[in-house]
Structures are given as C-alpha cells and as structure tokens.
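Work through these three exercises with the structure in view. Try each task before you read its solution.

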Amino acid sequence: MSDPVVEATATETARAVNSRERSAVETIEKVFAHIRRIDGDLGAFLTLTEDLALECAQRIDARVRAGEKLPLAGVPLAVKDNMCLRGTRTTAGSKILGDWKAPYTATAVQRLLDAGAIPVGKTNLDEFAMGSSCENSALGVTRNPYDLERVPGGSSGGSAAAVASNESAIALGSDTGGSIREPGAFCNIVGFKPTYGRVSRFGLIAFASSLDQIGPLTRTVEDAALTYDVMAGYDEMDATSLDMALESAHEGLRADLRGLRVGLVREYAGQSLGPSVEGVYTRAYSDLERLGAQIVEVSLPTADYGIATYYLIAPAECSSNLARFDGVRYGLRIEGADMAETYDRTRAAGFGPEVKRRILIGTHALSSGYYDAYYLKAQKARTKIADDFKTAFESCDLIASPAAASPAFRLGAKSDPYSMYLMDYYTIPVSLAGLPSVSVPCGWVRPEDGAHEMPLGLQLTAPLFAERLLLGAAHAYERATEHAKKHPARIGNGVVGRAVGKS
Ligand code: GLN
C-alpha cells in the first residue's frame, strides 16, 4: 500500500512540514502505522520510541507554528542501536548491555533532533557492529526488504532495511570497514561514510576507534547531503573530531560530471564477480562517462592487503574498547566467587562468538612478542594503503568500484567467518585510509540461488575532506539513472513476525 507521506524523502517531508502543508505529528502517526504493519516480518527495529517521537513531533510543530524553519522538520529518523539516545535502551546488538539505558544522547543524533528530526526507534545491527549481514546480532533477525530470505547487509542492516522499506526517511549507521555502504548497497539505498573525524563519535559505542565513523543511510543523495550538513562539524567531546571549515555538501549537488576524472582500479579488474554483476558495473562506469566524466585507470597495489590489515587493527582496538564491559559498569552481571570470576562469567555469557573471536585475535596481536610482528606491521600496511590512494588521486578526482563483493546473500549462507569478511573487499581499504565514500544504487541482478532480483551498489570514493565533490557527483549519477526509484512493493508474505519492543 503506498502512502505519499510515508514514502516522502527527508527533503520532501521537511518542505511539507515547514510550509505547514502537514504536521510532524500526522507524519509520525502514519509512519508508526506503517512500521506496525511490516516490522514484524522485517525486524529492522530493536526498540520503537513512539512516545518520544510524538512528544518531539508536537514540539517541532510548535516551533514551526512560531515561524521557525528547520532543515529536518518532522523527518523520521532511525538510529542504529550502538548510538546513545538519552533514556532509551541501547544494546549494541549484544546481550552484555542488558537493559542499559543511555544517560546522554550522541552528538550526531542530537544535532539531527535539534534540526527537527523525529526519533522513531533504534535499529538492529551485528553485535558491536562486527559483521556484514546483521546475523551476528544477539537480539533478532533482520531481513532484506527485497527478499525476506536474504540478509539486509551489516552491520547497519536494521537502519538500511528501515529506510529501504519506508519505515524511516533517514537512518544513522556507523561504518568501520563498510557497515554503512554494504547494507546501503544490499537494500538499494544511499549509504554515505564521511571522512574520518567529520562527524563526532561522541555517544557511539566504540568498536575500532581509529576507523569508526557515523554517517547517513537515505533514499536519495540529496537527503544524505542534507543530513550530513546538519550533523558534521567539530565537537569538543570527541578528541578526534576535525576542527576545520565545512563546505555545504547540499550546495554542491550537480547535474553532470563534466571536468571530473573517475579512476577505475586496475587491480580490481581481475576480480571475478560473475557476468551479470560485471555487466551492471560496466554499464555504471559508462553512465559516468556519458555524464561527462573522463574515465582513467589508477592503481592501488596494496589494496589486496586491506582485509588482512583490517582484521588485525580492528580486533586490536576492539579488544581494548570492549574491556569496559565487565559486569560492573553496564548491564549484564553474573556473580562469581570473586571479582575475576564475575568478569569471566559475565563476559562468557554476554558476548557472542564473533565478538569473542575478535577479542582473542586482538589481544594476541597486541601481546608482547607479537605486537611487532602483527599490530605494528598492520599499522605500516595501513600507511601504505593510504599512500596508494594519495598517489591514485594525483590522476583522478574520484574512484569508482563495486560497493560489495556480491548482492545480498541468503540468511545463513556465510557461516564461515572468513567468507563473511571477504564481503568488504572494496570498502575496507577506503576505511583504512579514512576517506569519504558513498554507495549509490546502480542496478539489479537475479542471484543464481534466488527468485528475486537484488540490487547492487556503486561505490564512489573521494580524497580526504572532499564530501562536497563526492555527493555532488553521486547526485548527478543518481539523477541520470533510475535504479534508486525501485522500492520494495510488498514484503512479509508468509513470514512469521516477531514482537517489537517499546522504550
Ligand atoms: N564487516 C566489517 C566487520 O565485520 C565491517 C563492520 C563495520 O564497518 N562496522 O568488521
């Protein structure tokens, strides 16, 4: 059933609410009716914040009536459940946080709320954002709105599924090695990871602090730019926040790619993605050319080491970040005979298998005797990868590649962790280099093992701080193609639903 209020983009909703064509309250009531209808089958949300949403909507309506114009007036916002929203249960997809309620709100979330966005709920994710399919969540299954037997991607899978199925106009995700871009690609929406440090990490539950970056998942590039402009910028509460001038990404939206050189990575050409997937990307690159871009070849000789490098650095940082979950300060606590046993029991029961695996790898890589061989070596490799990008950007303005190694796969298909890690082949080197990068819908393929066509994402990557150029180009591509317009017509046939919690 289509409802223009529920289907509206953030840009359209803000325009309608600011001009008092409709109220924020009316918008939110319709959105919740839609969520109640479909989320039992989809499982995008872990917690719905309906009371808070209505309260916020009333406040926004009052501000608009008083003459204020708000960039996100009445825009529904879903928040990945590793970001704090004051007074609301925050789980990071883990059992170890129990019923912990956030005592404060993350800076990125707060800035969106101040600009008029309405928090509809907290979305499912892989435990502590470790994964590529949402299947590592300890709290429930999220399904792909285009095929309920498939994953929505991860780790920001709940956020992607929510936006793709119109349960929210915008959502926040966090991207450490691909967790915004890959679910964006799997769900046919826009997933944007800004330059590391552009958006404050204050109030984001840390996974790998030198890589984690918050960004938007939206149905259009314009909405991504709008959201980014509101939440980016210096925050004294985050020591790695960039204190430098921001250019509006929204004002940089453009209609063509004239004058831009787009680099295709020579080393990626050898990756076999299968003929139908390759056909979609070949067409995407020629669309870029048709829009005026000059296609050039670039080389990233060390990108192949991205996954090995990442799976030392990210676990090392996570082993240190997750030490705080000890049964004393947060949520779950299982008593033992003494303190050490309480720690052991709590952590043994509270963390899932992937999180434990990474804590073990990370602790090992950092231990004396192995530090130089693993962690230090990985840091050196990271620098090399970043240098490769720097060299590549001497001969191009943007780099284009696939966003993920395949379209969305079937639930349970990647039980071997290594095969899951390979999904991020194209996103991880970009993350290691800290670069801004976006995934935009670029076409459809029918997987060999599937009955439905599934979407693919085109990843565009820019030099550090070039968000404006990046989103400008992504907008031109999106406008010239029709891929983003295809939305899930119907979901939920015959799938057993699941109750959704309330805050
Ligand atoms: N899939 C990658 C991992 O499991 C990336 C996750 C992320 O970006 N948060 O670590």
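Helices here are DSSP runs of at least four residues, numbered from the N terminus. The model is a predicted one.

**Exercise 1.** Find the helix that holds Asp388, then decide: is Asp388 buried or exposed?

Solution.
- Step 1: Go to residues 371-392. This is helix H13, and Asp388 sits in it.
- Step 2: Check the cover. Buried means under 20% relative accessible area. Asp388 is buried.
- Step 3: Look for a partner. Asp388 has no salt bridge. The nearest side chain of opposite charge belongs to Lys384, 7.2 Å away. A salt bridge needs a nitrogen within 4 Å of a carboxyl oxygen.
- Step 4: List the contacts, leaving out neighbours within four places in sequence. They are Ser299, Leu300, Pro301, Thr302 and Ala303.

**Exercise 2.** How many residues does the largest nonpolar core have, and which helix gives the largest share?

Solution.
- Step 1: The core has 106 residues. Phe128, Leu172, Leu288, Phe389, Val438 and Leu458 have the most contacts inside it.
- Step 2: Helix H8, residues 221-231, supplies the largest share of this core: seven residues.
- Step 3: Another core lies apart from it, with 33 residues, including Val17 and Ile118.
- Step 4: Zoom in on Phe389. Beyond residues up to four places away in sequence, Phe389 touches Leu300, Ile399, Pro429, Val430, Ala433 and Leu435.

**Exercise 3.** Which residues form a nonpolar patch on the surface with Leu464?

Solution.
- Step 1: Locate Leu464 in the loop between strand S11 (454-461) and helix H16 (467-480).
- Step 2: Leu464 is partly exposed, at 40% relative accessible area. Patch members need over 30%.
- Step 3: Met244 and Phe465 join Leu464 in the patch. Together they have about 240 Å² of accessible area.

Technical notes: Residues are numbered from 1 along each chain as its sequence is written. This is a predicted model: local features need pLDDT of at least 70, side-chain atom pairs count only at pLDDT 80 or more; totals for chains, interfaces and linings use all residues. Side-chain values use heavy atoms; hydrogens and water are left out. Patches are made of residues with over 30% relative accessible area and no salt bridge: like charges are joined within 9 Å, nonpolar side chains (Val, Leu, Ile, Met, Phe, Trp, Tyr) within 5 Å. Accessible areas come from the Shrake-Rupley method with a 1.4 Å probe; for residues, only the protein chains shown count as cover. Helices (H or I, at least four residues) and strands (E, at least two) are DSSP runs, numbered from the N terminus. Buried means under 20% relative accessible area, exposed over 50%, partly exposed in between (1.4 Å probe, protein chains only). A nonpolar core is a set of buried Ala, Val, Leu, Ile, Met, Phe, Trp, Tyr and Cys residues joined through side-chain atoms within 4.5 Å. Contact means heavy atoms within 4.5 Å. Lys and Arg count as positive and Asp and Glu as negative; His and the chain ends are not counted.
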